[in-house]
Amino acid sequence: MQRSQTGTDALATTELWLIRHAESIGNRDGWYQGQDDPPLTPRGHQEARRLAARLRGQLLSCEEALQKAPGVVLYCSDLVRAMETAQYVAHALDLPFYEDERLRELDLGRWEGLTSAEIAERYPEEWRVYCETFDPTFPRGGGESYAEAQQRIVPAIEEIARRHAGDTVLLLFHGGVMRTYLAHVLGLPLEHTWRLPLRNTAISRVRPFASSRYNEISPPGLVLAVNDAAHLEQL
Amino acid sequence: MSQETEPQNTELWLIRHGESESNRNGEFQGWGATPLSPLGRAQAARLADYLRSRHAFDALYSSDLVRAAETAEYLQQALGLPLRTDERLRELDFGEWSGRTFEEIRERYEAEWTNPPRFDPSERRGGGESFYELQARVVPALNEIALRHAGENVLIVCHGGPIRVYLAHLLGAPLSEMWHMTIANTGISRVRPLEHIFSSSGRPGKVLTLNDVGHLVDLEVAEETD
């Protein structure tokens, strides 16, 4: 399915579909997951099926209608909740998927596996500082800060995108790191990333190497849509 | 009180007008009175069907410019809501640039045009309004509408400029970065602007979706101009 074009024009048309994994046990039970590795819930499996059906309809019908559809490739984080979701998509689109550990969620260290109430009780000082400041350089639970996660995720995503110039690249991964990437493209300070909530299986689309003609000087990147979860209506 | 009626859950659904004749011709519009193109009418009809099947709405507002008001009329008919127009929701005033194409402006107003273009939100393009001035006009107007409809879901049909400056306001993003957001014809951006006022957590507003165009699948999504 890969029909890569060459040159800078192809780079500018490269489109990333950033997809958050379906509901996991940690999501359902309200604990911080980070790089902890719980599987999907029954609802999560339903969401992943809806997502896969939607992508099949959208990507395959476009291809037939337009006769010029770019190739489609699928990458996912190597955490179970992302891979389980990716399996539904891979099956529906008849694609292989590539695991990439750089797409993992933020490492939350000793906070992993705990609810916010438990963190507040066990690590009151850490919890207070974080809640009062939302400091993006603060390593929650002694793990990774938002700033560090952004430094990991942006080059990883751009490297994958360059490898598939002109294609539609589906990236199945995690909300925290996805927000830091969106903040990078939107020029949004990291303190504000939580203003962009991302639902399980929601799709956000970005052209990482395209520019608006009104502003050809600033770094490239166009956000086409954020948090589109139309496929979850009435679930 | 149910979840939906909590004031902090007030939702504005910000919708850009359907494709206008000027969009089709690649012209800057500003306050120009250009009607919808045939594609713009098809987009508005799709939008109306989509909204009717998806959600219940309590109020409908529109900019008083023709391309927005025509789009809003489709929603008025489909949803049976009264339509209120508000001139504060107009597009940026592009002054003398209105009605001219990107290429014409590049030639005629070379002094005002940096090459390659660099966006300065304090610049009054064509002698009209700056994007800072637009934000100072639009943010109070939309906040006032949200407060008037606290706890409700409100449809707002307006323009790419007002939607971008309001989203930048809610996100805490500088206006210099606003062109990284794409706002397509009839694209829907859904926001909760009042969380910071009513929520006990003291957290500011949220952007729930940006530029949802699910209703346009298999219909042409035109590239945006202004």
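1. A residue is called buried when its relative accessible area is under 20%, exposed when that area is over 50%, and partly exposed in between, with a 1.4 Å probe and protein chains only. This is a predicted model, in which local features need pLDDT of at least 70 and side-chain atom pairs count only at pLDDT 80 or more, while totals for chains, interfaces and linings use all residues. Residues are numbered from 1 along each chain as its sequence is written, chains are lettered from A and ligands numbered from 1 in the order in which they are written, and side-chain values use heavy atoms, with hydrogens and water left out.

2. Strand β2 (residues 59–62) of chain B is covered on both faces, since A59(B) and Y61(B) on one side are buried, as are L60(B) and S62(B) on the other. In a regular strand the side chains alternate between the two faces of the sheet. Strands here are DSSP runs of E with at least two residues, helices are runs of H or I with at least four, and both are numbered from the N terminus.

3. Two strands pair if DSSP finds at least two bridges between them. With strand β4 (residues 153–158) of chain B, β2(B) pairs in the parallel sense over 4 bridges, and L60(B) has L155(B) as its bridge partner there. Strand β3 (residues 83–85) of chain B also runs parallel to β2(B), joined by 3 bridges, and in β3(B) the partner of L60(B) is L83(B).
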